[in-house]
Amino acid sequence: MQEEKTPILIIGGGLAGLTASLLLLKYEIPFILIEKRKGTSIHPRSRGVNARSMEIFTELGIIDKVIQGGANLAPAKGILKGETLEKALSSYGADPMTGGGDRGPFAKFVDLSPVFKAAAISRITQDVLEPILFNTAKERGGDLRFSHELVSFEQNKDGVKCVVKDRDSSEERVISCQYMIAADGANSLVKKTLQPKTSGKGTLGYLLNVLFKANLAEFVKGREFSIVRVDRPTFCAMFVSINLRDIWVVHISYNPSKGQKPEDFSHSIIIEMIKEALGFDTAIEIKSILPWEARFSVLDDFQHRRIFFAGDAAHVMTPYGGLGGNTAIADVHNLVWKLAYALKGQASPSLLSTYQIERHPIDFLCSAESCDSADETGLMNITNDPKLMGGFLERFPRIGGFGYHYSNLNESKEEQTPANALHISSQAGYHAPHLWVEKDGEKTSTLHLYGNCHFVLLTGENGTSWCVAAKNVSAKLTINIDAY
C-alpha cells in the first residue's frame, strides 16, 4: 500500500478544517486535508461570522470576500415569533429583538474591534463561506483532497498512521503524520473510534432542516427578518432568512417518542406544513432536507496524544447565538500557531497542552449557553420573559467573540472560567485593545499589527530601548519579534 508522510493531517473540510488549512499555509507548514464529501456544503447551515472571526479573516486576507459573500443578508434583523410568519411580521419594528448590528444591545461593542461593524452586517452562510476558504487555500497551494475518507488510524510516540480511501477510485493509501486535527464534525469517525468522555445534556430535540425556494421578496420587503419562530397546533417551526429573496430555511421539529421519523415527512407533506406556517399559499420548491439533532455535548479532553479535536468534533452546540462555526474558527486559530512553533522547534511540544486549557472553558460555556436558548422541541426559545432575556443579554459579548479570556496554569479553576463581563486588557490571555494609531504615515488599528506569525511588543513613545532589546532577543532566539 502506498504511503505518504506529512507534518499535519486535517480530517474534515468544513469551517474548522478549511480555516486550519489557510493558517497552516500562512505559517508555511505542509499539510494534507481530506474530506469525504465531493465538494463544500450545499446547505446554508451556519449564518454569520462574528467580530473575532472577522479579525482572523483579516489576518488571512479574505475579509473583503467574506463581507461581499454576506451582503444579501445585511438588511436582516429581527428575532420574532407568532402563530404564522405573516402574523409575526405584523409586529416587526415594535419588538426590541429587531435591533441588530451596531444598533440596540450591540451598540456598546462597536469600538472593541475595527471590524465589528463589518461583522454585524455580514450574515454569510456556510455554503457561501466554505467555497471562499476552499478556493483561497487551493490558490495558495493547499493540498485539499475531497472525496477522500479516513478508514482507520493508530497512534504511536512519533505520530499517527492513517488509512485513507479515495472514494472515486476505491484506492487506499497510508498517510503518516506527526499530528492530526480531527475536524470531521459532530459525527466524527475519529471521535467514534477513540470514544472519549463527554459532558453536557446530550440531545435536546430532533429537527428537519429544510432548504426551500419561494419568492417572498415583496412579502418581507421593509420587514427583513433574521429568525421567526412559529407555533402551530400540531407542529413547531422556525424560519431562517438566507438571501431575503427566494431561498429560505425552515426548521421543523419532530418527536421520535411519538413514532415520528424523518422519512415520514415527504416533500408534499413538508410543503403543506410550510404553507400553514407561512399563513398563506404560495409556490414552494424543496431543495434539500437535512435531519439533525439539537445537542449539547462537549469532549472532556480536546487533545488525545497527537490528535486534536476542533469545531463540532470537539463541541456540539445548538446554532442559537451563532457560535458553532465561530468557535470552530477560534479553535484552529488557537491551535495552529502552537503546532507551527512546535514543528519548527521554536517551542516545546508541551505548548500544545495549552490548547485544552484555553479553548475548553469557553467552548463549554458557549455550548451551555446555546443549550439554554433551546426549548423541549430543540427550537430556539423566543420569549419576552425578563429572566430569560437577561440571560441572553449576558451572552452578547461572547456572541461578538469577546467576553472571555484565556487562563494560565497558575490560576484556580474558578478563575479559569471565562468571564461573564466584558473585559479588555493588555494582559496576556485577554483580547488586545483596539486603538487607532499611525504606522508609516497611515492610520491603522493596533490589532492590525498582529497576525503576521510574529510576536509583537508594543511600547510607549519613549520605548526605543525596548525595541532595540526586542531586536537583539529576536536574533538570539531566532524567533521573530516585531516592536513598535
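## An enclosed space

One cavity of 30 Å³ or more turns up in this predicted model, where a cavity is a set of points on a 1 Å grid over the protein atoms alone at which a 1.4 Å probe fits but cannot get out. Its volume is about 100 Å³, taken as the space filled by probe spheres set on the points, with grid points joined across faces, edges and corners. The lining has 13 residues, and those closest to the centre are Asn50, Leu323, Thr327, Gly401 and Tyr404; a lining residue has an atom within 4 Å of a point.

Helices α10 (324–343) and α11 (354–372) are the elements that give two or more residues to this lining. By type, the lining residues are six nonpolar, four polar and three charged (Ala, Val, Leu, Ile, Met, Phe, Trp, Tyr, Cys and Pro count as nonpolar, Asp, Glu, Lys and Arg as charged, and the others, Gly among them, as polar).

## Ground rules

Residues are numbered from 1 along each chain as its sequence is written. As the model is predicted, local features need pLDDT of at least 70 and side-chain atom pairs count only at pLDDT 80 or more, while totals for chains, interfaces and linings use all residues; side-chain values use heavy atoms, without hydrogens and water. Helices (H or I, at least four residues) and strands (E, at least two) are DSSP runs, numbered from the N terminus.

## Helix α9 and its buried side

How far apart are the end C-alpha atoms of helix α9? They are 16 Å apart, in agreement with the 16 Å expected for the twelve residues 267–278 at 1.5 Å a residue (1.5 Å times one less than the number of residues). Ile270, Ile271, Met273, Ile274, Ala277 and Leu278 are the buried residues of α9, buried meaning under 20% relative accessible area and exposed over 50%, with a 1.4 Å probe and protein chains only. They cover an arc of only 165 degrees around the axis, so they sit on the same side of α9; the arc is that of the directions from the helix axis to the C-beta atoms.

These buried residues pack against α4 (85–89), β8 (198–213), β9 (227–231), β10 (236–241), β11 (247–254) and β12 (285–299). Within α4, alanine 88 is buried at 1% relative accessible area. Leaving out residues up to four places away in sequence, alanine 88 touches Leu80, Lys81, Gly82 and Val228, contact meaning heavy atoms within 4.5 Å.

## Two positive phi values

Leucine 244, in the loop between β10 and β11, has a positive phi near 65 degrees and is buried at 9% relative accessibility. Arginine 305, in the loop between β13 (303–304) and β14 (307–309), has a positive phi of about 60 degrees but is exposed at 53%.

Note on methods. 1 Å grid on protein atoms, 1.4 Å probe; cavity = no way out; pocket = protein on both sides within 12 Å on 5 of 7 lines; lining within 4 Å.
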